[in-house]
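Colleague: I am new to this structure and would like to go through it slowly, one question at a time. Could you show it to me before we begin?

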Amino acid sequence: MQPTTPLFLQKFSSNAPESKELQRLTSFENVENKNRDTYLDMIRIFINRNHVYRRGHVEFIYSALKNMESFGVQKDLEVYKALIDVLPKGKFIPTNVFQAEFMHYPKQQQCVIDLLEQMEDNGVMPDYEMEDLLSNIFGNRGFPLRKYWRMMYWMPKFKNSSPWPVPSPLPDNIYELAKYAIQRISSVDVQSQITVYQTKEIESSIDDTWIVSAQAPSQKDLLKNHDLKEPVYVEGSFRIWVKDQLVNYFVLKRQPKQHIKTIKDDLDDVSNIRTPIFSFQKPIEKQVQVMQSVHEQEDGVILAVCATGTSTKDSLLSWIRHLEKDGNPVLSDALVVFTLRTGTREVATVNNVEQKQIESK
Amino acid sequence: MYPMYRLIINNLRLSQRNNKGIHSSSILNTFWEKDDKGGYKTKTQVPMKERLRLGLQELKQEIALWTQELKEDFENDPVLVYRPGETDIVWKFGTEESLKQWVVTCDSDHGEGFSTCGLTLSNNGQGLLSGELSTRVPKDGRVKRAGYCNIRTLRARKSFKREAYLNWVAYNMLVLKVRGDGRSYMLNINTRGYYDVLWNDMYHYVLYTRGGPYWQVTKIPFSKFFMSSKGRVQDRQYPIPLNKVTNFGISVGDKINGPFSLEIDYIGLEYDPNHTEEFAYEQYKAPKYIVST
């Protein structure tokens, strides 16, 4: 069990300060430039200040853990490893049964358990280098190592269990997020096609933004057979979470069709069995109904979904025009009603509707 | 704290599971759960006269329920065939009555957080679990992490408030028709045991929601549920004992600050003959003094 210097610290050793000045370890809160490099510098300063004894290392690790978020390093595995590396190797390993059983060096073990707990909370999965570190510090009977084993057992099991995976770290770009959001929503129908429109391509548009829109062939068919007397609604903006970011999306909807109610026969009911042998009974008239697609729901028929850069009515208008050009000529004659719910409730007034009719003709 | 005792608890747990009436281990006095509400004071003090009055009011219903139970016992007509593709709905949201079967809790109830939560009927007549999650930790030195909202069904009971179990042995899938907002929710199946160490036995799995305007029907096999107690995933895993289910719950605790909304239409059970997996997590023998300590 030779303690080895991990690679990342070897990189920094060339930059280690050689001066004999007294290096005062300022608290984490007082650091001006809070980033990963300064955080690692702080750890290095602590180690180099008192290389042999490292007094107060437990308190140092606790204070470092508390300040991780302000430095922005809470999801960085290398930083956690650097923190664990502060502890001396070999000294805390128990040498007999009683030491192993009664949590040898409990304060240090609890400290590293709390560190691993913080890692787990932030969703950082450890690696085998950390296992070597922990086993060199606490031995194979140590509690932090047990917690590590538990993390390594459970975290990979659920890492990829989401049916709608998204890269980590998530891009900051709203356009990418919107694409993920629309992909997620339209995953309900395998045939959905996602197209990106630009509002610039419509002449009368005021906004200059992108529109990510999704529509499936079955939705196009539903629009084709749409009764022109009924209006089509653009509803929004609804919220969808993509990991930890909110995206606003809009829906092109229609009132639900009243379907023929299926007579639910209670198959276990034996009180009224039809017996055509003993008496002639007219056959029951049954009606055949086209199977509903997934887009026809109880609260409405969803015809298309979109997300725009600026969630304004103008961009939605451009979206409708794009949809019209892209295989839904019905929309030019249809009555489109905007029921947009934003901070100030914008309900389509009669004037707007007329304006839309004028625009479309 | 002292790992050796946990060995003894596990022996107890195993003996409970094997339904032996004989105690194969010594009786534990240290891992004692003081109170089944975990120390939270949730009981309202009702004077005795009021309690008698309320009890007498319920007597009629309880007697009716009891006679129904006797009738069912006499008829002795169990469902023998569970057809694949048929979902038997256990909890359906639609009326105010259906909401009364659920208990809504969140961290701000006892001053341990700042989330808000509510279970109401949505515009379309389904249940809506909505609110806002806040991971802000209250500065009282006691709370380390915050941010959860939870709904749970009331314990299954027979007539005269006798505690009973839900028997789901014939099924192997949990079916939920929900319309989420893209967030992940945690499904909890409580299989509370008789002994205090088993009071907090819960089986969990994640409900990933698509978000969007479409309803999703999620089927989760019972073999995927993993066991935990008081939020800590246990080392020794066993498949869920489907004849001892006591409560079902849905939690929001994904550490994301912001509003959440989950519309639920129904929660049901299904038997899928194509699903042959018994349990998704390993049950092999692990090193003695390392696991479960």
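Modeller: What follows is a set of questions and answers on the two chains, their surfaces and their charged pairs.

Colleague: What kind of model is this, and how are its parts numbered?
Modeller: This is a predicted model, in which local features need pLDDT of at least 70 and side-chain atom pairs count only at pLDDT 80 or more, while totals for chains, interfaces and linings use all residues. Side-chain values use heavy atoms, with hydrogens and water left out, residues are numbered from 1 along each chain as its sequence is written, and chains are lettered from A and ligands numbered from 1 in the order in which they are written.

Colleague: How many helices and strands does chain A have, and what percentage of its residues is buried?
Modeller: Helices (H or I, at least four residues) and strands (E, at least two) are DSSP runs, numbered from the N terminus, and chain A has 13 helices and 8 strands. Buried means under 20% relative accessible area, exposed over 50%, and partly exposed in between, with a 1.4 Å probe and protein chains only. Of the 361 residues in chain A, the buried share is 42%.

Colleague: How many helices and strands does chain B have, and what percentage of its residues is buried?
Modeller: Chain B has 3 helices and 13 strands. Among the 293 residues of chain B, the share that counts as buried is 43%.

Colleague: What share of the contacts in chain B with a separation of 6 or more joins residues 24 or more positions apart?
Modeller: Contact means heavy atoms within 4.5 Å. For chain A, residues 24 or more positions apart account for 68% of the contacts with a separation of 6 or more. For chain B the corresponding share is 74%.

Colleague: Against which helices do the buried residues of α8(A) pack?
Modeller: Helix α8 of chain A covers residues 128-138, and its buried residues include Met130(A), Leu133(A), Leu134(A) and Phe138(A). Just after this helix, Gly139(A) takes a positive phi of about 80°. The packing partners of the buried residues of α8(A) are, in chain A, α5 (77-84), α7 (106-121) and α9.

Colleague: Is Asn122(A) buried or exposed?
Modeller: Asn122(A) lies in the loop between α7 and α8 of chain A. Leaving aside residues up to four places away in sequence, Asn122(A) touches Gln74(A), Lys75(A) and Tyr80(A). Because its relative accessibility is 18%, Asn122(A) counts as buried.

Colleague: Which residues gather in a patch of positive charge on the surface?
Modeller: Patches are made of residues with over 30% relative accessible area and no salt bridge, like charges being joined within 9 Å and nonpolar side chains (Val, Leu, Ile, Met, Phe, Trp, Tyr) within 5 Å. Lys159(A), a member of the positive patch, is found in helix α9 (residues 143-159) of chain A and is exposed, with a relative accessible area of 56%. The residues that gather there are Lys75(A), Lys159(A), Lys243(A) and Lys255(B).

Colleague: What area does the nonpolar surface patch with Trp66(B) have?
Modeller: Trp66(B) is found in helix α2 (residues 48-75) of chain B and, at 37% relative accessibility, counts as partly exposed. Trp66(B) makes this patch together with Leu56(B), Leu59(B), Ile63(B), Leu70(B) and Phe160(B), and the area is about 560 Å².

Colleague: How many residues apart are Asp265(B) and Lys92(B), which meet in a salt bridge?
Modeller: A salt bridge is a side-chain nitrogen of Lys or Arg within 4 Å of a carboxyl oxygen of Asp or Glu, and the side chains of Asp265(B) and Lys92(B) meet in one at 2.8 Å, N to O. The pair links distant parts of the chain, with Asp265(B) in strand β13 and Lys92(B) in strand β1 (residues 87-92) of chain B, and the separation is 173 residues. Asp265(B) counts as buried at 6% relative accessibility, whereas Lys92(B) counts as partly exposed at 45%. The separation asked for is thus 173 residues.

Colleague: Which residue forms a salt bridge with Asp254(B)?
Modeller: The closest N and O atoms of this pair are 2.8 Å apart, and both of its residues are buried. Asp254(B) lies in the loop between β12 (247-252) and β13 of chain B. Its partner in the salt bridge is Arg183(B).

Key:
Areas by Shrake-Rupley, 256 points an atom, 1.4 Å probe, with all protein chains shown as cover. Lys, Arg positive; Asp, Glu negative; His and termini not counted. Charge placed at Lys NZ, Arg CZ, Asp CG, Glu CD.
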